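Subject: Handing over a structure, with notes

Dear colleague,

I am passing a structure on to you, and my notes on it follow below. Please look through it first and then read on.

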Amino acid sequence: MDKILEAVMMSSYPNNVKQGLVRRVIEAIKQPMDSEQCWSMLELSTKLYLMGDTKFKREIGKEVLEVYGHYHPEEFEEFFNVRFLLSLLQEGYGPAGKRSPYVLDYIHLGLQFVLESPSASDIFSLLRIEVLRKVCERPGPKQCAKISKLLSQHPQCVPTGKHQILFCQQLIRCIGQFQCISEGEDDIMEFLDHVNKVSGLLQKIWRAQTSSILPSLKEVFSIISSTEEQEAPSNALASVVQYVPLELMDGVIRNLTNDDSITDVQMMTAISRMIDWVSWPLGKNIDKWIIALLKGLAAVKKFSILIEVTLLKIEKVFSKLLYPIVREGALSVLLYMLLSFQHSHEAFHLLLPHIPKLVASLNKEDSNSATSCLEQLAELIHSMFFRFSGFPDLYEPVMEAIKALPIPNEDRIKHLLGQNAWTSQKNELACFYPRLASKSDTGKIGLINLGNTCYMNSIIQALFMASDFRHSVLNLTESNSQPLMTKLQWLFAFLEHSQRPAISPEGFLSASWPPWFSPGAQQDCSEYLKYLLDRSKAIDPLQIPPSCRWAHKGALAETGLHEEEKTGKRIYQKLKESNLMPQAEERHYLNKTLIEKMFGGKMMTKIRCLKCLNVSSREEAFTDLSLAFPPSNRHVRRQSHAAVLPVEEIGPQIIEPPIKPQSQVTESPRRQRKHPVSGEPPIQLLPIETVGFQEAEGQETPFILRSDRDHVSSEAVKDPLLSFGEQTGGSEDSRSVPDLINYFLSPEVLTSENKYHCEKCASLQDAEKVAELTEGPHYLVLTLLRFSFDLRTMKRKKILDNVSIPLVLKLPVLVASEDSGEVRQNRNDRAASCNGFVSMVYDLCSVVVHSGVSSESGHYYCYARDCTSTDASSQPRDGAQKSTSDKQLDFEIQWYLFNDTRVSFSSFESVSNVTSFFPKDTAYVLFYRQRPCKQSWAVREAVSDAVRLHGELSPNKDLMEAISKDNILYLQEQEKEARNRAAYISTLPKSPLWWRDFDRDKDDEGSSGGCGPAAGGGGSGSFHGLVF
């Protein structure tokens, strides 16, 4: 019978003919046969099954074997003996070099017919040993799947006791080496099926014997934490971890993170490889294990590991959001990584370039998965905006990409930020930030946030960028009588000369700290600035009389005093000859402190009784003007007859109004102010003016500072504005800084409960109160009073109205009647006058922005530029003004954005539009610098000469030595940090380039990155890149 079957199989007949002949043979062998014939047929069918070169031959061999197992069980048991199986497992079947790959299939086939035989126990014992030996040889996925299939159906063959633990560990080792070489989708699906069968076997073993779980997990960790492997372990290990019971998670993580034998490098390598598992398409609970380990590391304060791993892997995790099949797990890991990384903006900023492309891809996908992902992603991004505000230039493209998505309210954002942070103690992370970094391309230096000290950092940077003030501070002579000014000098010197990207203002903070401020709490930057200027003004070396300075030991070196005396005499003689500064004004100027010279102005407050017309006046000094917002039903507008100077669209220009006849301005300003209150016709007063744009050729318009882009942007963010609950509603008409100043200077009627007690009438009377500026400061500081108390809610709230900020404005200053004629005759350069008022021109130099919706929270950052192009020192000695073509236009002066440690290039466009894009980011404190004019030229010349004199000398020797030593220390720190990072990074596993996911999505317009039609129609190539 065996000869007949062999002849049929070797014949050249078609397979259907052979099939018919084989059927006849099979029917014949079902009849009783002698033992020898059965043995021959079993040998032939074994040969066909194990060595058949076609699938048809193997199927015929299998069919014959099954017939003999059913109809001749005794002969089959005798043939299928332990010795034969041992030979198959150890030596294989077939000629050397061409062993059959179907041995395990053959054994699996035969086992079902000997389960009840006496030799069954011996066969099981043999297989328990041999399968352990097999897995120790590291077979590939297909062979491991066959072993798993065999043991799953015949658990009697699974090794027991210690051998079972060893078998699990070795099987995990095999999984760690699995690789799918082919990129064909069928091959990939077959590979995934093999992996699932192997991991499924481990699940069954663990269910039957839970004591084998922890040793298996230790083996997994040993594999993924190894730094000696040439190749990274397979992501197929994710299929193993998914079957570990979640109730064991806390204990496992606790043991891992508290094991002193595990080095930081091993732990970082392990968590990095675990994060790679988010790309495994069939894993369950993988994200839970990754997040649990990250939380465990945070609990034991392994922040260096968390920072390195987050920055290394967050972009790869983000890229997996493109693929629907792994999106849910990748999003969970991304949410935790970003919401826990709250000590620095670094991780979030790595994702900024990729967010618009991902949002566009998800919008195109149009699936429930994509919609859910977009909503969660938008919530996450807005939380990051809230946490790391102050980067409008970076955030604008992202804001544009997500503008159509829902915006979470502030309570939801605070809830998200509060539940996942690594630690609530910010000082625990202080040593990890700033990371290895180089100095900003701007050449400017940032300031380290010492715990909600952004209010101080912004003010310091604004003061530093006030170039005249900076030069004066840097050229102060050393004096122990002014500790605060000395500390400011040191801080400015480090900001000027340090090589660090950011420095710590800790020393200056301790010296300038208002006693009522709470440590670690957010404060009002305007309140801090007032306190700082008041303290600096109180102790100023320039207040010391010259005779006392000579006796003041250590104040100035002999050479310095000599040069200063000569300079003072020369300038004094020049001023006396110029006849531009009266002696009283000269003494007044010399007695001023530095703060008064730079920031001091004067304001006259007049109150006129409306019954007797008696006027009481009081002049007081100020260093800043606090501008309140007009009520919503009141809009301060310029009078139609007011002369507003137009400016061309190209930018700020030289303002040269025609000289008015002397007869127009002979009346005293004090007499002029009587007209409004006495019922006489109102006179024309000089309004606040600003630089504007030209609407059309030949048609000029006042500068209302609302460009077309402003209107569009405001409409675009109308809905986002409503998402914050504490702000007041913005008015339909835009406000501007000149509007607020006009409101500040507009008359106020004192009546009803606010009546004025007139000394002349000796009773309470209705009165009119008006403020007039009598001396304009060199630096005009304006504070917009955005924080108010709501009596309805009994809470402080913020006015989020968008206030237009002019680049140049003209401020009316009242001059004395005896000086007005002479002043007006010489006002042919940059100012206009009207009825005793002189219009002083100011250039915007700094804007401090508050980001947030309340005064007790939020963030401060600062826009600033160097306003030095119109300095008095740059003007000719004869007082002639440079032409526009000879000087740099104000729009071309470089702006900078100072946000704690980060300094970047910016623009006036960004300053103007920041509130349009980010409704809670509003200008709060403004610094304007007065343009030089002929009247103040001599005073400024004195200041500039002193600056130039001191500028030729070396700064304070001790100060420069301290800076030099710190620069050397910084370079040494950088070198050490670079070596440590290089050693750290070299141990991390190499993974595929994450950006290929984005490039592939861009090139393949018809693919959304999934696997098969159900997942979005991704191609096989993209799916292979996803998993492997």
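How many disulfides does a search of the whole structure find? The search finds zero, where a disulfide is a pair of cysteine sulfur atoms within 2.5 Å. C174, for one, is in no disulfide, and the nearest cysteine sulfur, which belongs to C144, is 4.1 Å away. C609 is likewise in no disulfide, with the sulfur of C612 as the nearest cysteine sulfur at 3.7 Å.

Before going further, please keep in mind that this is a predicted model, in which local features need pLDDT of at least 70 and side-chain atom pairs count only at pLDDT 80 or more, whereas totals for chains, interfaces and linings use all residues. Residues are numbered from 1 along each chain as its sequence is written, and side-chain values use heavy atoms, with hydrogens and water left out.

Both of those cysteines can also be described by their accessibility, where buried means under 20% relative accessible area, exposed over 50% and partly exposed in between, with a 1.4 Å probe and protein chains only. C174 counts as buried because its relative accessibility is 1%, and C609 counts as buried because its value is 0%.

As for the chain as a whole, its secondary structure comes to 42 helices and 22 strands, taken as DSSP runs numbered from the N terminus (H or I of at least four residues for helices, E of at least two for strands). Of the 1028 residues in the chain, 52% are buried. Among the contacts with a separation of 6 or more, a contact meaning heavy atoms within 4.5 Å, 78% are between residues 24 or more positions apart.

Turning to the aromatic rings, the structure holds 29 aromatic pairs, that is, rings of Phe, Tyr and Trp (its six-membered ring) with centres within 6.5 Å, counted as stacked when the planes are under 30 degrees apart, edge-to-face when over 60 and tilted for the rest. The rings of F469 and F492 have centres 6.1 Å apart and planes at 90°, so this pair is edge-to-face. Because F469 lies in helix 25 (residues 467–474) and F492 in helix 26 (residues 483–497), the pair ties together parts that are 23 residues apart in sequence. Both F469 and F492 are buried. Elsewhere, one aromatic cluster is formed by W39, Y49, F76, F79, F80, F84, Y106 and F113.

With best wishes
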